[in-house]
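Got a few minutes for a quick tour of a small set of structural details? Have a look at the sequence and the fold first, then come back to the notes.

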Amino acid sequence: DPIILMELQLLGFGWRWFVTECEIQDGDILFFGYVQGDCPEWGYFRLSDFLSQPLPYFIAQDFEPKPFSELKKELQD
């Protein structure tokens, strides 16, 4: 049951990224986590993916870390 550490949102699209891990790789930040979008899934995404979007692009939500099982219950409500 991974711990969700942070939430990111791409403004104007309604997608949400819930980060469980991150590391610096090739001068970029590589995240791993759960993506809630058209097809919810676990996967990797990079900070540069967000920064390549037109401004305003993304926001980091005020988020209290929690287990994925708890977040999943909240998303289903």
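What follows is a briefing on strands, cores, aromatic rings, salt bridges and a few loop residues.

Keep in mind that this is a predicted model. Strands β2 and β3 run antiparallel, β3 and β4 do likewise, and β4 and β5 also pair in the antiparallel sense. The largest nonpolar core has 8 residues, and β2, β3 and β4 each give two or more residues to this core.

**Strands and hairpins**

- β2 covers residues 6-10 and β3 covers 16-25, with 4 bridges joining the two.
- Across that pairing, M6 stands opposite V19 in β3.
- The hairpin of β2 and β3 has 5 residues between the strands, and G12 takes a positive phi near 85° in this hairpin.
- β4 spans 28-36, and 9 bridges tie β3 to β4.
- In that pairing, C22 of β3 faces F31 in β4.
- The β3 and β4 hairpin has 2 residues between its strands.
- β5 takes in residues 41-46 and pairs with β4 over 6 bridges.
- F31 turns up again here, standing opposite F45 in β5.
- β4 and β5 make a hairpin too, with 4 residues between them.

**Nonpolar cores**

- The members of the largest core are L8, L10, W17, V19, F31, V35, F45 and F50.
- F31 and F45, the two residues that stand opposite each other in β4 and β5, both belong to this core.
- V19, the residue opposite M6, is in the core as well.
- There is also a second, separate core of 6 residues, and its members include I4, F18, Y34 and F68.

**Aromatic rings**

- The count comes to 9 aromatic pairs.
- One of them is W15 with W17: the ring centres are 5.9 Å apart and the planes sit at 40°, so the pair is tilted.
- Are the two partners buried or exposed? W15 counts as partly exposed at 30% relative accessibility, whereas W17 is buried, with a relative accessible area of 9%.
- F32, Y34, W42, Y44 and F68 form one aromatic cluster.
- Two of these cluster members, Y34 and F68, are also in the second nonpolar core.

**Salt bridges and polar contacts**

- How many salt bridges are there? The count comes to 2.
- In one of them, the side chains of E7 and R16 meet at 2.7 Å, N to O.
- E7 lies in strand β2 and counts as buried, because its relative accessibility is 5% and the cut-off for buried is under 20%.
- R16, on the other hand, is partly exposed, with a relative accessible area of 25%.
- E7 has another side-chain partner as well: a polar contact of 2.9 Å joins E7 to Q9.
- The other salt bridge is between the side chains of E74 and K66, at 3.0 Å, N to O.
- Here the carboxylate residue, E74, counts as partly exposed at 39% relative accessibility, while K66 is buried, with a relative accessible area of 14%.

**Loop residues to look at**

- D26 is found in the loop between β3 and β4.
- Most residues other than glycine have a negative phi.
- D26 has a positive phi, near 55°, and is a residue other than glycine.
- How accessible is D26? At 76% relative accessibility, D26 counts as exposed, because the cut-off for exposed is over 50%.
- G37 sits in the loop between β4 and β5.
- With 23% relative accessibility, G37 counts as partly exposed.
- Where is F13 relative to G37? The two are 24 residues apart in sequence and 8.6 Å apart in space, C-alpha to C-alpha.

Methods
Residues are numbered from 1 along each chain as its sequence is written. This is a predicted model: local features need pLDDT of at least 70, side-chain atom pairs count only at pLDDT 80 or more; totals for chains, interfaces and linings use all residues. Side-chain values use heavy atoms; hydrogens and water are left out. A nonpolar core is a set of buried Ala, Val, Leu, Ile, Met, Phe, Trp, Tyr and Cys residues joined through side-chain atoms within 4.5 Å. Buried means under 20% relative accessible area, exposed over 50%, partly exposed in between (1.4 Å probe, protein chains only). A polar contact is a pair of N or O atoms within 3.5 Å; within protein, one must be able to donate a hydrogen and the other to accept it, and residues adjacent in sequence count only if both atoms are side-chain atoms. Two strands pair if DSSP finds at least two bridges between them. Rings of Phe, Tyr and Trp (its six-membered ring) pair if their centres lie within 6.5 Å; planes under 30 degrees apart count as stacked, over 60 as edge-to-face and the rest as tilted. A salt bridge is a side-chain nitrogen of Lys or Arg within 4 Å of a carboxyl oxygen of Asp or Glu.
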